[in-house]
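Open the model in your viewer and keep the selection tool at hand. The stops below go from the whole chain to single residues.

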Amino acid sequence: GTVTFFAINRHASETLEAEIGLNGFGKASIIDHQVLTHASLAAVNTEKDQSNVVPKKGSGAVIEDGAIKAKLPPYSYQMIRVKV
């Protein structure tokens, strides 16, 4: 009952508009959306700051006209889980 999609935007300054077709999956709903991004590509987690770079709840991903539509910020990695 679930399908998980991973999307990456490797562009340094432009937001990417992604559209993922869900043809053949029937009625679907987004059950989880996580985004991993940081203003600095050199950012790391350390022993003192273990949550400097962590996934955060995403917003803005929707299912519309039989497709997932999402905006991917620059240098971001996203996970979108869909119930089908």
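Contact, in this tour, means heavy atoms within 4.5 Å. With that in mind, select Ala18: leaving out residues up to four places away in sequence, Ala18 touches Ile68, Lys69, Ala70 and Leu72. Keep in mind throughout that the model is predicted.

**The whole chain**

Now zoom out and show the protein as a cartoon. You will find seven strands and zero helices, so defined that a strand is a DSSP run of at least two residues. Read from the N terminus, the order of elements is β-β-β-β-β-β-β. Along the principal axes, the C-alpha atoms fill a box of roughly 45 × 25 × 15 Å.

Switch to a surface. The protein exposes about 5800 Å², and carbon and sulfur atoms supply 51% of that area. Of the 84 residues, 25% are buried. Colour the charged side chains next: 9 are positive and 8 are negative, and the centres of the two sets lie 5 Å apart.

How much of the contact between residues at least 6 apart in sequence joins residues at least 24 apart? The share is 74%.

**The nonpolar core**

Return to Ala18 and widen the selection. Ala18 belongs to the largest nonpolar core, which has twelve residues in all. Select the others with it: Val3, Phe5, Ala7, Leu22, Ala28, Ala61, Ile68, Ala70, Leu72, Ile80 and Val82. Strand S1 (2-9), S6 and strand S7 (76-83) each supply at least two residues of this core.

**Along strand S1**

Select Thr4, which lies in strand S1. Thr4 counts as partly exposed because its relative accessibility is 31%, between the limits of 20% and 50%. Setting aside neighbours within four places in sequence, Thr4 is in contact with Met79, Ile80 and Arg81. For a distance check, pick the C-alpha atoms of Thr4 and Asn23: they are separated by 15 Å, with the two positions 19 residues apart along the chain.

**The aromatic pair**

How many aromatic pairs does a search of the whole structure find? It finds one. Select Phe6 and Tyr77: their ring centres are 5.9 Å apart and their planes are at 35°, so the pair is tilted. The pair links distant parts of the chain, since Phe6 is in strand S1 and Tyr77 is in strand S7, 71 residues apart.

Are the two members buried or exposed? Phe6 is exposed, with a relative accessible area of 54%. Tyr77, at 36% relative accessibility, counts as partly exposed.

**The loop between S6 and S7**

Move to Pro74, placed in the loop between S6 and S7. Pro74 is partly exposed, with a relative accessible area of 22%. Which residues does Pro74 touch, not counting those up to four places away in sequence? They are Asn9, His11, Ala12, Ser13, Glu14, Thr15 and Thr37. Measure from Pro74 to Thr37, C-alpha to C-alpha: these two are 37 residues apart in sequence and 8.0 Å apart in space.

Tyr75 lies in that loop between S6 and S7 as well. At 33% relative accessibility, Tyr75 counts as partly exposed. Its phi is positive, about 45°, although Tyr75 is not a glycine. Most residues other than glycine have a negative phi.

From here, step across to Ala12, in the loop between S1 and strand S2 (16-21). Beyond its neighbours within four places in sequence, Ala12 is in contact with Pro74 and Tyr75. The C-alpha atoms of Ala12 and Leu41 are 9.7 Å apart in space, and these residues are 29 apart in sequence.

**The loop between S5 and S6**

The last stop is Asp65, found in the loop between strand S5 (62-64) and strand S6 (67-72). Asp65 is exposed, because its relative accessible area is 74% and the exposed class begins over 50%. Look at the backbone here: phi of Asp65 is near 55°, a positive value in a residue other than glycine. To finish, pick Asp65 and Arg81, which are 16 residues apart in sequence and 18 Å apart in space, C-alpha to C-alpha.

Methods
Residues numbered from 1 in each chain as written. Predicted model: local features only at pLDDT ≥ 70, side-chain atom pairs only at ≥ 80, totals over all residues. Heavy atoms only, no water. Helix = DSSP H or I, 4+ residues; strand = E, 2+ residues; numbered from the N terminus. Buried < 20%, exposed > 50% of the residue type's maximum accessible area, 1.4 Å probe, protein only. Areas by Shrake-Rupley, 256 points an atom, 1.4 Å probe, with all protein chains shown as cover. Lys, Arg positive; Asp, Glu negative; His and termini not counted. Charge placed at Lys NZ, Arg CZ, Asp CG, Glu CD. Core = buried A, V, L, I, M, F, W, Y, C linked by side-chain atoms within 4.5 Å. Phe/Tyr/Trp six-rings, centres within 6.5 Å; stacked < 30°, edge-to-face > 60°.
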